[in-house]
Amino acid sequence: MKPSSPGARIFIWVVALLWLVVCLLPFTQLISVTFSTPDRGMVSTFFPNSFSAGVGNIRDALEQTGLTASILQTLVYVSVTIVGMLLVSSLAAYELACFRFPGHNVIFVVILSSMMLPMITYIIPLYRFVFNLGWSDTLIGLAIPSIPSAFAVFIIKQFLESIPRELVEAAEIDGAGHFTVFLRVVLPLMATPLLTVTVIQFMQVWGSFLWPTLVAGTNWKPVSVLVSGLLGDGSWLEGRVKIAAMLISGLPPVLVYLFFQKYIVEGIATSGLKG
């Protein structure tokens, strides 16, 4: 069927709506259970019936679980990771895209190859490395392993390759140094890909669980670790309070994605163009 035919459009809309329901069902279930009264079963609750009960559950989740402090710690952890990722990835992409030196293609292939390695394959030596340096349960121990991002290097490099080489050459002829060209000529042009990788990194780091579980302790407890602890058998909290904590912890990445969705699509599409 042609995409412009009525049958094809109907099929696409049906598939899109079904996928929308599948994606939103877990989140709507959290909302329904949170904003419902205790007399309703959590498994059989599909629609909210009490706004005041939901407000009470959210208040209890913030006061009784330590979620507020955990969210603040997670924001700090995510912010440090994003700043480090932007610095490292933008400089690496700048060197690989704007300059030709022996082995630059090999280096780029090696960086992309790292995307194929699941974290489980190297998490033990990484943990031993961080532990031996004394970085367990510290901000630097949480953030450092998440800073390198092959995907960010790829997105930024692809975008930079669409920029005319003459801009860099003109700045060099005018006497601008290596980093001056980067800061004053190239970096201002990176706004779209930098925003794209920032949003993607935010969602990825906010929801990461395996690494924070290994490194975090009493001093640092990201929301993923805190919420997972609430679901254990040793938690005495009422079930709807736990669900409310899960709802609150899931809101930031959802809101960030909804607000910046068009920039993500634009950044990825633009990075695939070569001019």
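Student: Why is Tyr 257 called partly exposed?

Tutor: This is a predicted model, and in it Tyr 257 has a relative accessible area of 33%. Buried would need under 20% and exposed over 50%. Tyr 257 at 33% falls between those two limits, so partly exposed is the label.

Student: What is the place of Tyr 257?

Tutor: Tyr 257 sits in helix H13, which covers residues 239–271.

Student: What makes Leu 251, Val 254, Leu 255, Tyr 257 and Leu 258 a nonpolar patch?

Tutor: A nonpolar patch joins side chains of kinds such as Val, Leu and Tyr that lie within 5 Å, each residue having over 30% relative accessible area and no salt bridge. Tyr 257, at 33%, is over that 30% mark, so its accessibility fits. Together the five residues of the patch have about 420 Å² of accessible area.

Student: Which residues does Phe 27 contact, leaving aside its neighbours within four places in sequence?

Tutor: Leu 247, Gly 250, Leu 251 and Val 254. Leu 251 and Val 254 are also in the nonpolar patch. Phe 27 itself belongs to helix H1, residues 6–34. Phe 27 and Met 246 are 219 residues apart in sequence, yet their C-alpha atoms are 9.6 Å apart.

Student: Why does Phe 27 count as partly exposed?

Tutor: Its relative accessibility is 22%. Buried means under 20%, and exposed means over 50%. Phe 27 at 22% is not under 20%, so it counts as partly exposed.

Student: How do you know that Lys 157 and Glu 161 form a salt bridge?

Tutor: Their closest N and O atoms are 2.3 Å apart. The call needs a side-chain nitrogen of Lys or Arg within 4 Å of a carboxyl oxygen of Asp or Glu. With a Lys, a Glu and 2.3 Å, the pair meets that rule, so the name applies.

Student: Are Lys 157 and Glu 161 buried or partly exposed?

Tutor: Lys 157 has a relative accessible area of 6%, under the 20% limit, so it is buried. Glu 161 comes in at 22%, between 20% and 50%, so it is partly exposed.

Student: How many salt bridges does a search of the whole structure find?

Tutor: Two. Besides Lys 157 with Glu 161, there is Glu 238 with Arg 240, whose closest N and O atoms are 4.0 Å apart. The cut-off is within 4 Å, so 4.0 Å is still accepted. Here Arg 240 is buried at 3% relative accessibility, while Glu 238 is partly exposed at 39%.

Student: What makes helix H12 mostly covered?

Tutor: Six of its eight residues are buried. The buried ones are Val 223, Ser 224, Val 225, Leu 226, Val 227 and Leu 230. Helix H12 spans residues 223–230. For the protein as a whole, buried residues make up 36% of the 275 residues.

Student: Why is Thr 81 called buried?

Tutor: Its relative accessible area is 0%, and buried means under 20%, so Thr 81 qualifies. Thr 81 lies in helix H3. Leaving aside neighbours within four places in sequence, its contacts are Ala 143, Ser 146, Ile 147, Gln 201 and Val 205.

Student: What makes Cys 98 buried?

Tutor: Cys 98 has a relative accessible area of 10%, and that is under 20%, so it is buried. Cys 98 lies in helix H3, residues 67–98. Not counting residues up to four places away in sequence, Cys 98 touches Ala 93, Arg 165 and Val 168. Glu 169, which is 71 residues from Cys 98 in sequence, is 9.8 Å from it in space, C-alpha to C-alpha.

Student: Which value does phi of Asp 137 take?

Tutor: Phi of Asp 137 is near 60 degrees, a positive value in a residue other than glycine. Asp 137 is in the loop between helix H5 (123–132) and helix H6 (139–143).

Student: Why is Asp 137 called buried?

Tutor: Its relative accessible area is 13%, under the 20% limit, so buried is the right word.

Student: How many helices and strands does the protein have?

Tutor: There are 13 helices and zero strands. Across the protein, among contacts between residues at least 6 apart in sequence, 72% join residues at least 24 apart.

Technical notes:
Residues numbered from 1 in each chain as written. Predicted model: local features only at pLDDT ≥ 70, side-chain atom pairs only at ≥ 80, totals over all residues. Heavy atoms only, no water. Helix = DSSP H or I, 4+ residues; strand = E, 2+ residues; numbered from the N terminus. Buried < 20%, exposed > 50% of the residue type's maximum accessible area, 1.4 Å probe, protein only. Contact = heavy atoms within 4.5 Å. Patch = residues over 30% accessible without salt bridge, like charges linked within 9 Å, V, L, I, M, F, W, Y side chains within 5 Å. Areas by Shrake-Rupley, 256 points an atom, 1.4 Å probe, with all protein chains shown as cover.
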